[in-house]
Amino acid sequence: FKDWKRWYIQSLKAGMNFWGQKVNVSDELRELKMPVFLIHGQYDKIIPSIQMIDARASNNSIKIYLMRNCGHWPQYENPKKFSRVVMDFLG
């Protein structure tokens with residue numbers, strides 16, 4: 001737990017500061033040269049869904065599934081729906 005706690009705090013410091021999120025994920029996603037499938041929570045307060053939508057607008061290899069009534073962890077908040085979406089994507 002001690003190691004996990006330290007890693008978690010370092011991760012928060014790298015991505016956030018007193019005013020909120022420092023890194024805009026859409027900037028990083030635009031640079032990817034491979035197909036990407038994002039399942040994102042509609043009410044994610046940590047990484048706003050608008051960043052995913054912005055990235056998709058500039059990178060055709062990104063596919064997004066926006067899960068309704070979910071926050072940052074849709075795989076925990078609605079695991080059945082999450083699994084169904086993943087299985088549909090994988091065929």
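Helices (H or I, at least four residues) and strands (E, at least two) are DSSP runs, numbered from the N terminus. The structure is a predicted model, in which local features need pLDDT of at least 70 and side-chain atom pairs count only at pLDDT 80 or more, while totals for chains, interfaces and linings use all residues. Residues are numbered from 1 along each chain as its sequence is written, and side-chain values use heavy atoms, with hydrogens and water left out.

**Exercise 1. Describe the overall make-up of the protein.**

Step 1. Five helices and four strands are present. Their order from the N terminus is α-β-β-α-β-α-β-α-α.

Step 2. Of the 91 residues, 24% are buried (under 20% relative accessible area; exposed means over 50%, partly exposed in between, with a 1.4 Å probe and protein chains only).

Step 3. Consider contacts (heavy atoms within 4.5 Å). Among those with a separation of 6 or more, 64% join residues 24 or more positions apart.

**Exercise 2. Find the salt bridge and describe its setting.**

Step 1. A salt bridge is a side-chain nitrogen of Lys or Arg within 4 Å of a carboxyl oxygen of Asp or Glu. The whole structure contains one.

Step 2. The partners are Asp 3 and Arg 6, whose closest N and O atoms are 2.8 Å apart. Because these two residues are three residues apart in helix α1, about one helical turn separates Asp 3 from Arg 6.

Step 3. Asp 3 has a relative accessible area of 54%, and is therefore exposed. Side chains of opposite charge can pair when their charged atoms come close.

**Exercise 3. Characterise the surroundings of Asp 44.**

Step 1. Asp 44 is located in the loop between β3 (36–41) and α3 (49–58).

Step 2. Asp 44 is buried but has no salt bridge, and the nearest side chain of opposite charge, that of Lys 45, is 8.6 Å away. In this count Lys and Arg are positive and Asp and Glu negative, with His and the chain ends not counted.

Step 3. The side chains of Asp 44 and His 72 make a polar contact at 2.8 Å. Such a contact is a pair of N or O atoms within 3.5 Å; within protein, one must be able to donate a hydrogen and the other to accept it, and residues adjacent in sequence count only if both atoms are side-chain atoms.

Step 4. Apart from neighbours within four places in sequence, Asp 44 is in contact with Cys 70, Gly 71 and His 72.
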